[in-house]
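Me: I should like to learn how a single residue and a helix are read in a protein model. Could you guide me through one of each?

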Amino acid sequence: MLKVVKIGGNIVDNPEKLDRFLVDFASLPEPKILVHGGGKVATTVAKALGIETQMVGGRRVTDAETLKVVTMVYAGLINKTIVSKLQAGCNAVGLSGADGGFIRSQRRNPVPVDYGWVGDPLPDRFGLPMARTLIDAGYTVVAAPITLDAAGEGLLNTNADTVAQTIAVGMSGVYDTELVYCFEKKGVLRNADDDDSVIPVIRRDDFKA
């Protein structure tokens, strides 16, 4: 069993929670991949640099300057902090989507909302050979949500939940794979405003509906 685990800002932004989580994660006996989001760190760094953060519908608009910040923070500071903390319990290696062509993406259509340098992963371009080489060699992969634009235009900021999904689907062709999202809600909600409206089981037809 290969576990793909995704953590978000509720863990990344809290040093104590992050430390506790990483101890538990490192103790998992199975081969594993950790995907992390960026939390509030990028917003804090952007503010310190005088770069305004623009949000539309809860999603970050990534202009050219913001792309520099999120690349530094997600693929640099956060990724390497997590990798360094994991070394005590497992042999971790940090990757962005650009490393070895791990996660390739296409720039999101600017209609109806132009999110700037934001990418949507291309599942059929997933870098399985490199990922498999690392996992089979006993490494724990820590993936940052910065991806490689398949059109050759550089880096793209990408939703970490979607990155985790892309990795899990890509690895499932070789390994029995389990995808786990660690977030502050109890699960997938039928009503986003009601934390108790958890959908216990989602089948294919339910998902389409």
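Reply: Certainly. Please bear in mind that this model is predicted. Let us begin with the surroundings of one residue: leaving aside neighbours within four places in sequence, Asp 149 is in contact with Ser 105, Gln 106, Arg 107, Gly 154 and Leu 156.

Me: What is the place of Asp 149, and is Asp 149 buried or exposed?

Reply: Asp 149 belongs to strand β9, which covers residues 146-149. A residue counts as buried when its relative accessible area is under 20%. For Asp 149 the value is 4%, so this residue is buried.

Me: How far apart are the C-alpha atoms of Asp 149 and Gln 106?

Reply: They are separated by 5.6 Å, although the two residues lie 43 residues apart along the chain. In addition, the side chain of Asp 149 reaches the backbone nitrogen of Glu 153 at 2.9 Å.

Me: Let us turn to the helix. Which residues of α2 are buried?

Reply: The general idea comes first. In an α-helix there are 3.6 residues a turn, so residues three or four places apart point the same way. In α2, the buried residues are Leu 18, Phe 21, Leu 22, Phe 25 and Ala 26. Their arc around the axis is only 125°, which means that they lie on the same side of α2.

Me: What covers these buried residues, and which exposed residues does the face turned away carry?

Reply: The cover of the buried residues includes β1, α1, β2, α4, β8 and β11. The face of α2 turned away from the buried side carries the exposed residues Glu 16, Arg 20, Val 23 and Asp 24.

Conventions
Residues are numbered from 1 along each chain as its sequence is written. This is a predicted model: local features need pLDDT of at least 70, side-chain atom pairs count only at pLDDT 80 or more; totals for chains, interfaces and linings use all residues. Side-chain values use heavy atoms; hydrogens and water are left out. Helices (H or I, at least four residues) and strands (E, at least two) are DSSP runs, numbered from the N terminus. Buried means under 20% relative accessible area, exposed over 50%, partly exposed in between (1.4 Å probe, protein chains only). Contact means heavy atoms within 4.5 Å. A polar contact is a pair of N or O atoms within 3.5 Å; within protein, one must be able to donate a hydrogen and the other to accept it, and residues adjacent in sequence count only if both atoms are side-chain atoms. The arc is that of the directions from the helix axis to the C-beta atoms.
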